[in-house]
Amino acid sequence: SQEASNNKYLKFGTSNIPLFVIDSISPTLDNATFITTKQLVGADGSKYLFGVSKPDKKNNNLVPYVARVNPDGKAGWIQNYNLSVDSAVVDANSIIKAAVLTQEGCAFVVSSTHLSRGDQANTLVYITEKKEEKFRKRLKKSAAIRDLLYVEESNTFVMSFKGNSDEQNFSNLEKLVVMSMNALGDLVWRRDIEMAGTLQNLLRVRDGFV
């Protein structure tokens, strides 16, 4: 029905943003289509939608967006994060690989892959619920991010990285990197662990992480 289809999308300006999540991104994604790949719901009922589109017909690259749905279910704002790997011009496909809610808004890691060379860069972005950017920090680790946690007591972010592709290598030794960053974007600590196998989850316990 028309009503059911209206409930699946929310209009932000001229853009129809899906309120449902799709894990895969079609390589033939057209320029008018938005795909939501993650959704986080706040304690007040607000939502953050994370996804991608191809707004630039000339470069035709993947550009991530964050859209906020207000607690009353109405559209708040939408913001693109078209990040480059190593130049001021558009040179990468980007996607938001991890996201977490905080007291003030949300934080997320944008993973950018160079259009021709294929090398990667990760950027941690922290924004408030009013879209104000608290910091944007290029991470020294170019490996694939596996997890992102927010620790309220210390106001820090803990991230884990392992391997270079979405599929983890189960049998070969790879470096697992776990690092903590504060709310200013400064590195607090980092731990490197050589391991074979896959990282399933990073879990919080009373005095650390498992």
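This passage describes strands, aromatic pairs and pockets in a predicted model.

At the start of the chain, strand E1 (residues 9–12) and strand E2 (residues 15–18) pair in the antiparallel sense over four bridges, and within this pairing leucine 10 of E1 is placed opposite isoleucine 17 in E2. The side chains of E1 alternate along the strand, with Leu10 and Phe12 directed to one face and buried, whereas Tyr9 and Lys11 are directed to the other face and are not buried. Two residues lie between the strands of this hairpin, in which glycine 13 adopts a positive phi near 65°.

Further along the chain, an open sheet is formed by four strands in the order E11-E12-E13-E14, with antiparallel pairing. Its edges are E11 and strand E14 (187–195), each of which pairs on one side only, and the neighbouring strands of this sheet are turned by 15° against each other on average when direction is ignored. Within the sheet, E12 and strand E13 (residues 174–182) run antiparallel and are joined by seven bridges, and serine 160 is found opposite valine 178 in E13.

Strand E12 also takes part in the aromatic contacts of the model, as the following pairs show. The structure holds 10 aromatic pairs, one of which is formed by tyrosine 126 and phenylalanine 157; the centres of these rings are 5.1 Å apart and their planes stand at 80°, so the pair is edge-to-face, a class that requires an angle over 60 degrees. Because tyrosine 126 belongs to strand E9 (residues 120–128) and phenylalanine 157 to strand E12 (residues 156–162), this pair ties together parts that are 31 residues apart in sequence. Both tyrosine 126 and phenylalanine 157 are buried. Phenylalanine 157 also pairs with tyrosine 150, where the ring centres are 5.3 Å apart and the planes are at 40°, so this pair is tilted. The relative accessible area is 14% for tyrosine 150, which is buried, and 0% for phenylalanine 157, which is likewise buried. Through ring pairs, Tyr126, Phe135, Tyr150 and Phe157 are linked into a cluster.

Turning to the pockets, the largest has a volume of about 530 Å³. It is lined by 21 residues, and those closest to its centre are Asp23, Ile25, Ile95, Lys97 and Asp166. At least two residues of this lining are supplied by each of strand E3 (35–41), strand E7 (92–101), strand E8 (105–114) and strand E11 (145–151), with E7 giving the most, at five residues. By class, the lining of the largest pocket comprises seven nonpolar, eight polar and six charged residues.

The second largest pocket contains about 170 Å³ of space. Its lining consists of 13 residues, of which Lys38, Lys97, Ala98, Arg146 and Asp147 lie nearest its centre. Lys97 is thus listed among the residues closest to the centre of the largest pocket and also among those nearest the centre of the second largest. Strands E3, E7 and E11 each supply at least two residues of the lining of the second largest pocket, and each of these strands likewise supplies at least two residues to the lining of the largest pocket. The lining of the second largest pocket divides into five nonpolar, four polar and four charged residues.

How values were computed
Residues are numbered from 1 along each chain as its sequence is written. This is a predicted model: local features need pLDDT of at least 70, side-chain atom pairs count only at pLDDT 80 or more; totals for chains, interfaces and linings use all residues. Side-chain values use heavy atoms; hydrogens and water are left out. Rings of Phe, Tyr and Trp (its six-membered ring) pair if their centres lie within 6.5 Å; planes under 30 degrees apart count as stacked, over 60 as edge-to-face and the rest as tilted. Buried means under 20% relative accessible area, exposed over 50%, partly exposed in between (1.4 Å probe, protein chains only). On a 1 Å grid over the protein atoms alone, a cavity is a set of points where a 1.4 Å probe fits but cannot get out, and a pocket is an open set with protein on both sides within 12 Å along at least five of seven lines; lining residues have an atom within 4 Å of a point. Grid points are joined across faces, edges and corners, and a volume is the space filled by probe spheres set on the points. Ala, Val, Leu, Ile, Met, Phe, Trp, Tyr, Cys and Pro count as nonpolar, Asp, Glu, Lys and Arg as charged, and the others, Gly among them, as polar. Two strands pair if DSSP finds at least two bridges between them. Axes are lines fitted to C-alpha atoms, for helices over the stretch in contact, and angles run from 0 to 180 degrees between N-to-C directions.
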